[in-house]
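Colleague: I'd like to learn how to read a structure like this one. Could you walk me through it?

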Amino acid sequence: MFENVPDNGLKYVGKGVDRIDTVEKLTGKALYTCDWLVPGMLFGKIKTSPHARARIIKIDTSKAEKLPGVHAVITGNELDYRMGLYLVDKHILAKGVVRHFGEAVAAVSAESWEVAHHAIGLIDVEYEVLEAVLDPVEALKEDAPLVHPDLGKYDHVREAFTPVPGTNIANRMKYRKGDLEQGFREADFIIERRYTNPSVQHVPMETHVSIGQWSVGDKISIITSAQSPFTVRNLFAHSFKIPHENIRIQIPYVGGGFGGKAGIHLEPLACCLSRKSGGRPVKLQATREEEFSLLPCRSGLVYNIKTGVKKSGKIVAQQMTMYWDAGAYADYAVNVTRASGYSAAGPYEIPNAWVDALTIYTNKPFGTAYRGFGHVEFSWGIERHMDLIAKTIGMDSLKFRLLNAMKPGSTTLTGEVISENTGNVTRCMEAVAESINYGQLTGAEKAREKKTGRKIGKSVVALHKAPAMPSFTGTSVILRMNENGSVSATFSLTEIGAGTYTSVAQIIAETLKFPIEKVHVPIEIDTNHDPYDWQTVASKGLLLTGNAAILAAIDLIRKAYEIAGQVLRASQCDLDHDGEKVFLKHHPAKFVPFSKLAVGYAYPGGNGIGGPLIGVGRYCAQGLSNLDKETGQGNPALDWTYGAHGLIVEVDPKTGAYTIIKVASAFDVGRAINPAAVRGQAIGGMIQGLGTAMFEGYYYDRAGRLLNPSFTDNKIPTSLDIPEEVDAIVVETPQIDGPFGARGVGEHSMIAICGALGNAIEKAVGANLTHMPIRPQDIWKALQTGAKPDSPGISGDVVNFAEAPLCSTRRDSGKHKKR
């Protein structure tokens, strides 16, 4: 919509407007769920499992129940409910067995946090410890313990997902394009390698917190730190068989989500505790340690890639197998598998491709949505693999990428044809290559090497991502004109830190031709009052909500013109307006102020016409479809956002210690509604991505106990880890169906930065790395003769991820050799 409006014709779109929530957040006036105190509120606490897999023999709650101040103690045997969005596989509390370290086994409500904490310690649980399955590849063996023996009985979205009963496969996705065998026969080289990365935590500043109240008549009230109010309501209604209208969800300010607060989490347990506590509200707030084990994480991945390439550098075939470590529950992981599968090749055209993406149960904390939705994980493998291929065939890695990059006329893995308006990944790569002076060292960089004794490496990588969502995803915006002629907008996209509310306000102001100061957008959401939105995930918010906002603004002005035309005794086609009034185009002195139209116009004699001005905008994703389960063909992508990173790193060849000198990131955003917000997303996501590349990851002992469930041993980036220089570059290829040509960019800055780091390190010192995170000791070990870096994830005697050949090549002579 309005994608062809030139920049010089825009007043607010494309400008760096200050965020509308800045003052509230900086002054502490913004209230988060953890700040809320509800009259009569009790405090909840959860008893968790110390074992990865065990049978629950007995739970003795008698001591806890007798503790003064305790109102309710609840166990899984009392709760016969399962929860799930795509695959309904999780009880609110463990029933009969525990499936991962940190799983919720019992819960209490009490007058204070202290009493609740004491009561949890008084609950005795007797377990029979069982053999745990901790490796996703090992979990596929016929004799592997089944994490979910009843998988075949679980409800799931049958149109999209395919669980395999009697196995640990929660979902299997297949994508088939062209003739894979013929492609490999045509190849001059075949290069194959395996890449791995572990689970990581979302670590939002605000942990999960919910206040639930179950009142008389099954009236449910929930205040929660969640990304998706209507999804929480829908899942609660489905699981508890309660009408939707009985359930009220309120979302105050949210202190970050990154996907971890999508779906439903603490809300059902808080409400169940409330019901057993006589209807008093109960607040559950996770500790930081509980965030790491009780609540979901990002799934781990083992990724096998086999590529056939011609001497010219053109890729002719690629076979990809993704082993997604879903952990103990796979509700959201099944959709991560789906979305990663149809993007698995990266932004490169491959005529003959085969993808098998498996969601695999293990006895570890469960995976869910995470910023990038699987793309961060697989981009590590794809972008390392692209460099490996280029090195093998003797071609510059940037030239190789440019040769194989998606272009207008290219076809995706699912059969979608790329157009001129899809975006331009080539421009993104060229922009970052120029920014880092790719291909050579500057005089200053050569002097730096000489002074420090370190080696400098440079790399360029590319990325793409489309929103992962149902084909019928819709949203709505309501605009109400206030008595003074200002407008208030309500919608249910959750503001989780991306600044999207500010961008939507800019879109509304631009469409209405109003000063942006006259556009008010409340941050808080209430399902009793605000219109529907599916979820705040997938970088779809700006496009869908932005379009709905445009339609709402158009509807509001149309209704204002209807009344103004009567007042001015003019045809609507002769009317125009500015930020204050509606006037006649050919007689601007004849006008009526919006303030007199806002709630109904009154003639001098007292007669009234019109009524309150309300604009309604609805927008639904267009042209999407389900995927064929055998071939993966279909149209799952609302839009594609392309991008690229360029990275400069210096590495000590003796110790493996390294410093990131510069990162340049470019994204084709269609049109930057708010360039300052785009820069913020680019830098924030890039640093978050570097955290997963440099040191983040879960470690387990041989029994499946998480060894680093806190910031003591599970590091995230600090100011000391920020690159010395950052360059955020905007490329603009207008999206035809985007608001003013915009497309989403919330997740993309995290994607592929891991591969850029690995490639730059290898170019600097030759370290061959196939696992992230990349710690100095991993580089050091890789530089030793024959040594391989540790594969973090499992400690002790448990077998690490299965090995694959580092690289096998076949020339057209038919001879084989290993590198």
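Modeller: Sure. Keep in mind that this is a predicted model. Let's start with a pair of helices: helix 5, residues 229-240, packs against helix 6, residues 267-276, at an angle of about 55°, and their axes are 11 Å apart.

Colleague: How does helix 5 lie relative to helix 6, oblique or parallel?

Modeller: Oblique, because of that angle. As for handedness, the crossing of helix 5 past helix 6 is right-handed.

Colleague: Which residues of helix 5 and helix 6 meet there?

Modeller: From helix 5 you have Val232, Phe236 and Phe240, and from helix 6 there are Glu267, Pro268, Cys271 and Cys272. Sorted by class, the contact of helix 5 with helix 6 has six nonpolar residues, one charged residue and no polar ones.

Colleague: Let's try another pair. At what angle do helix 10 and helix 11 cross?

Modeller: Helix 10 (residues 397-404) and helix 11 (residues 425-436) cross at roughly 165°, and their axes come within 10 Å. The angle is over 145 degrees, so helix 10 counts as roughly antiparallel to helix 11. Here helix 10 passes helix 11 in a left-handed crossing.

Colleague: And what does the contact of helix 10 with helix 11 have, by class?

Modeller: Four nonpolar, one polar and two charged residues. On the helix 10 side are Leu398, Arg401 and Leu402; they meet Thr426, Met429, Glu430 and Ala433 of helix 11.

Colleague: Now strands. How do the strands of a sheet pair?

Modeller: Through backbone hydrogen bonds, in either a parallel or an antiparallel way. In this model, one open sheet has three strands in the order 6-2-8, with antiparallel pairing. Its edges are strand 6 (97-98) and strand 8 (124-129), each of which pairs on one side only.

Colleague: How many bridges join strand 2 to strand 8?

Modeller: Six, with strand 2 covering residues 54-60. To find your place on screen, look for Ile56, which stands opposite Tyr127 of strand 8.

Colleague: What is the pairing in the sheet with eight strands?

Modeller: Mixed; that open sheet runs in the order 3-7-1-14-11-12-13-24. Strand 3 (70-75) and strand 24 (525-526) are the edge strands, pairing on one side only. For a parallel example, take strand 1 (residues 42-48) and strand 14 (residues 282-285), which share two bridges. There, Phe43 is opposite Lys283 of strand 14. Helix 3 (residues 113-121) packs on this sheet, where it touches strand 1, strand 3, strand 7 (104-110) and strand 14, and its direction makes about 25° with that of strand 1.

Colleague: Where should I look for a hairpin?

Modeller: Try strand 25 and strand 26, which form one with three residues between them. Strand 25 (residues 575-577) runs antiparallel to strand 26 (residues 581-584), joined by three bridges, and Leu575 has Leu584 as its bridge partner. Strand 26 then goes on through six residues to strand 27 in another hairpin. Strand 26 and strand 27 (residues 591-593) are antiparallel, with three bridges; Val582 is partnered there with Val592.

Colleague: Stepping back, how many helices and strands does the chain have?

Modeller: The chain comes to 18 helices and 35 strands. Its C-alpha trace spans about 95 × 70 × 55 Å along the principal axes.

Colleague: What does the radius of gyration say about the chain?

Modeller: For 819 residues, a compact globule would have a value near 28 Å, and the chain has 28 Å, so the two agree.

Conventions: Residues are numbered from 1 along each chain as its sequence is written. This is a predicted model: local features need pLDDT of at least 70, side-chain atom pairs count only at pLDDT 80 or more; totals for chains, interfaces and linings use all residues. Side-chain values use heavy atoms; hydrogens and water are left out. Two strands pair if DSSP finds at least two bridges between them. Helices (H or I, at least four residues) and strands (E, at least two) are DSSP runs, numbered from the N terminus. Axes are lines fitted to C-alpha atoms, for helices over the stretch in contact, and angles run from 0 to 180 degrees between N-to-C directions. Angles under 35 degrees count as roughly parallel, over 145 as roughly antiparallel, 65 to 115 as roughly perpendicular and the rest as oblique. A crossing is left-handed if the near helix is turned anticlockwise from the far one by less than a right angle, and right-handed if clockwise. Contact means heavy atoms within 4.5 Å. Ala, Val, Leu, Ile, Met, Phe, Trp, Tyr, Cys and Pro count as nonpolar, Asp, Glu, Lys and Arg as charged, and the others, Gly among them, as polar. The radius of gyration is taken over C-alpha atoms; the globule rule is 2.2 Å times the number of residues to the power 0.38.
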